[in-house]
Every structure is written in structure tokens, then in C-alpha cells.
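This briefing goes through one protein chain, topic by topic. Keep the sequence and the structure in view while reading.

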Amino acid sequence: MQHPAVPALAHTLARPVHWLATAAALAAVVAGAAFLQSDPATAVQAGPQTHTRAAAGAPAPAPAPDPASVDFPLDCGPVKPAVKQQAAGDLDGDGRAETVAVVHCRAGSGTPPDGVYVITRPATGEPRVVATLVDPEDRLNVKGFAVRDGAVTATLLGYSSLDVPRCCPDRKDAAKWQWKGGTFERTTPAGARRV
């Protein structure tokens, strides 16, 4: 039998006290790291992205209008209309964002028809509704609503007759609206289908 050249090391025989001391040291390091967190990063990416209107001295564009601050042309009786969805974007190319809101009257049961309204904030004055894209009197429901690239798109669900139960729309049309010639023009993209 050959004896090792180095005597047995004391720390190779771990005892419970050793593990307790290691756990306490590790807990202290973790607690210290949580307490001494660095400030949030404030670095700005260099390059063309940093050149904005505010950086150039021009005022920042106004935020898109809030649908809660507008009276919709929708008679809901004693209750206030409910905003189901909203999206913002510059629809007319003037550099100010408009808000498009899908709105309906609150109902205890069933599916109330939706209205789609464009809201703008004039240079002076309060936000206001400037266009109705879908009138609730058309008895349609809006699904798949979006504002992209200066256009409003939606899937409109409707009914082919009064005999169709209001729970189960049997028509499905794709619609797209764009600002052209001073008005919102509706087009139906290719591939629109009816169910």
C-alpha cells in the first residue's frame, strides 16, 4: 500500500457545520446582490434612430386621442357606450395619429352590434369623431380589427336574413378603409368570403 505524498485535507470530510457556513455565505451574497442592484440602463442606441422630431427641436407629436374622452353618435339609453377595441395610426398622412374605436352598447345578454369610428384631435380643440366606418344600424360585429400602414382592416360578421339566430352570424366579409380624396374609402380585399 502506498501512502499519498500529501496528507488528507480537512475540508474533504464535510461536516454539517461546513454546509451551514457555505449556505449562509451564499445567502449573504444573493441578498447583497439584490440590495445593490445597478440603476436601469439609460444608454441610447447610436445611429439614425436617435434623430427624432424632439431631438431636432420640433415638438413631439400629440398622442392619439383617447376614446373615453369622446361622445359617440350611438344611443345606448342610460348606459355609456363600451369601447370594445381601439388602435391608433396616422390615417390621413398629416403627422398626427388618429384613433379608430370599435364601440357598442352594453348588453346584459346577446351580442350587440358594433360601430367603428375614427377619432381625431384637431390642432386646437377637443378630440372628436370625424367618420363612421361601420354603423351599428347595419347590425354587424367586428372581429380581427387592426390599423396598419395608414389603413383600417376588419372582418365583419353579419346575418343574411332576420331568420338567422343572432348568436350565429352566417356572413363573413373582409373590409379595408383608406383615406382617399378627403374621405375614407372602403375596399374589400381579394379573397373575401361569405360563410
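**The largest pocket**

In this predicted model, the largest pocket is lined by P73, L74, D75, H104, C105, P112, P113, Y117, T132, D135, P136 and E137. The points below begin with this pocket and then turn to the sheet and the whole chain.

- The space in the largest pocket comes to about 160 Å³.
- Seven of the lining residues are nonpolar, three are charged and two are polar.
- The nonpolar residues of the lining include P73, L74 and Y117, while D75, D135 and E137 are charged.
- H104 and T132 are polar members of the lining.

**The four-stranded sheet**

- Four strands form an open sheet in the order β1-β2-β3-β4, and their pairing is antiparallel.
- At the edges are β1, residues 82–89, and β4, residues 128–134, each of which pairs on one side only.
- From one strand to the next, the twist averages 25°.
- Five bridges join β2 (residues 98–104) to β3 (residues 115–120), and this pair is antiparallel.
- V103 has G115 in β3 as its bridge partner.
- Some pocket residues fall within these strands: H104 lines the pocket and ends β2, and Y117 lines the pocket and lies in β3.
- T132, also in the lining, belongs to the edge strand β4.

**The whole chain**

- The protein chain contains one helix and eight strands.
- Along the sequence, the helix comes before the strands, in the pattern α-β-β-β-β-β-β-β-β.
- Of the 195 residues in the chain, 26% are buried.
- Among contacts between residues at least 6 apart in sequence, 36% join residues at least 24 apart.

How values were computed:
Residues numbered from 1 in each chain as written. Predicted model: local features only at pLDDT ≥ 70, side-chain atom pairs only at ≥ 80, totals over all residues. Heavy atoms only, no water. 1 Å grid on protein atoms, 1.4 Å probe; cavity = no way out; pocket = protein on both sides within 12 Å on 5 of 7 lines; lining within 4 Å. Points joined across faces, edges and corners; volume = space filled by probe spheres on them. Pairing = 2+ DSSP bridges. Helix = DSSP H or I, 4+ residues; strand = E, 2+ residues; numbered from the N terminus. Axes fitted to C-alpha atoms, helices over the stretch in contact; angles between N-to-C directions. Buried < 20%, exposed > 50% of the residue type's maximum accessible area, 1.4 Å probe, protein only. Contact = heavy atoms within 4.5 Å.
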